[in-house]
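The following exercises are to be worked with the sequence and the coordinates at hand. Each task is followed by a solution in steps.

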Amino acid sequence: MCVGCEARFRVLEVTNPQSYRLLMHELAQDIGNGKLNELGDLPSIAQIVQNWPLQNVDYVNRTVQCAACRQGFVISVETYHGLGGSWRPADG
Ligand SMILES: [Zn+2]
């Protein structure tokens, strides 16, 4: 695991819209500068951040992978109420 992932390697409960938004902004930055690669569905994390608040997505579940060491992480949040979610290392 790389140094960047040691800092990311934690379970973070997302309990309110502000912490969710902050986390998504951080992720969009790390994806934009190439530290993380996003795997999977549209809209992308960057699109979600740019179009905040996103009206038509009730549930966000995205996997990102470290560009340096391939460690995976999952962000999973129910956006309809802006709570009930987490950031966590991917299994395996
Ligand atoms: Zn890493």
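Helices and strands are here DSSP runs, helices (H or I) of at least four residues and strands (E) of at least two, numbered from the N terminus. The model is a predicted one.

**Exercise 1. Locate Met1 and decide whether Met1 is buried, partly exposed or exposed.**

Solution. Begin with the position in the chain: Met1 belongs to the segment that precedes helix 1 (3–8). Next, apply the cut-offs: 20 or more other C-beta atoms within 10 Å make a residue buried, 12 or fewer make a residue exposed, and values in between make a residue partly exposed. Met1 has 13 other C-beta atoms within 10 Å, so Met1 is partly exposed.

Then list the contacts. With neighbours within four places in sequence left aside, Met1 touches Glu6, Phe9, Cys69 and Gln71. Finally, consider Cys66: this residue lies 65 residues from Met1 along the chain, and the two C-alpha atoms are 9.3 Å apart.

**Exercise 2. Determine how strand 3 pairs with strand 2 and with strand 4.**

Solution. Take strand 2 (residues 36–39) as the starting point. Strand 2 and strand 3 (residues 59–66) are antiparallel and share four bridges. Within this pairing, Leu36 faces Cys66 of strand 3.

Turn now to strand 4 (residues 72–78), which is joined to strand 3 by seven bridges, again in the antiparallel sense. Here Asn61 has Ser76 of strand 4 as its bridge partner. The hairpin formed by strand 3 and strand 4 has five residues between the strands, and Arg70 adopts a positive phi near 70° there.

**Exercise 3. Describe the overall fold and assess how compact the protein is.**

Solution. Count the elements: the protein has three helices and five strands. Their order along the sequence is α-β-α-β-α-β-β-β. The radius of gyration is 12 Å, close to the 12 Å given by the globule rule for 92 residues, so the protein is as compact as a globular protein of that length.

The C-alpha trace spans about 35 × 25 × 20 Å along its principal axes. Of the 92 residues, 17% are buried. Among contacts between residues at least 6 apart in sequence, 50% link residues at least 24 apart.

**Exercise 4. State the confidence of the model and where confidence is lowest and highest.**

Solution. The mean pLDDT of the protein is 88, with 90% of the residues at 70 or more. Confidence is lowest in helix 3 (residues 45–50), with a mean of 88, and highest in strand 2, with 95. Predicted coordinates should not be read in detail where pLDDT is low.

How values were computed. Residues numbered from 1 in each chain as written. Predicted model: local features only at pLDDT ≥ 70, side-chain atom pairs only at ≥ 80, totals over all residues. pLDDT = per-residue confidence, 0-100. Pairing = 2+ DSSP bridges. Rg over C-alpha atoms; globule rule 2.2 N^0.38 Å. Contact = placed C-beta atoms within 7 Å.
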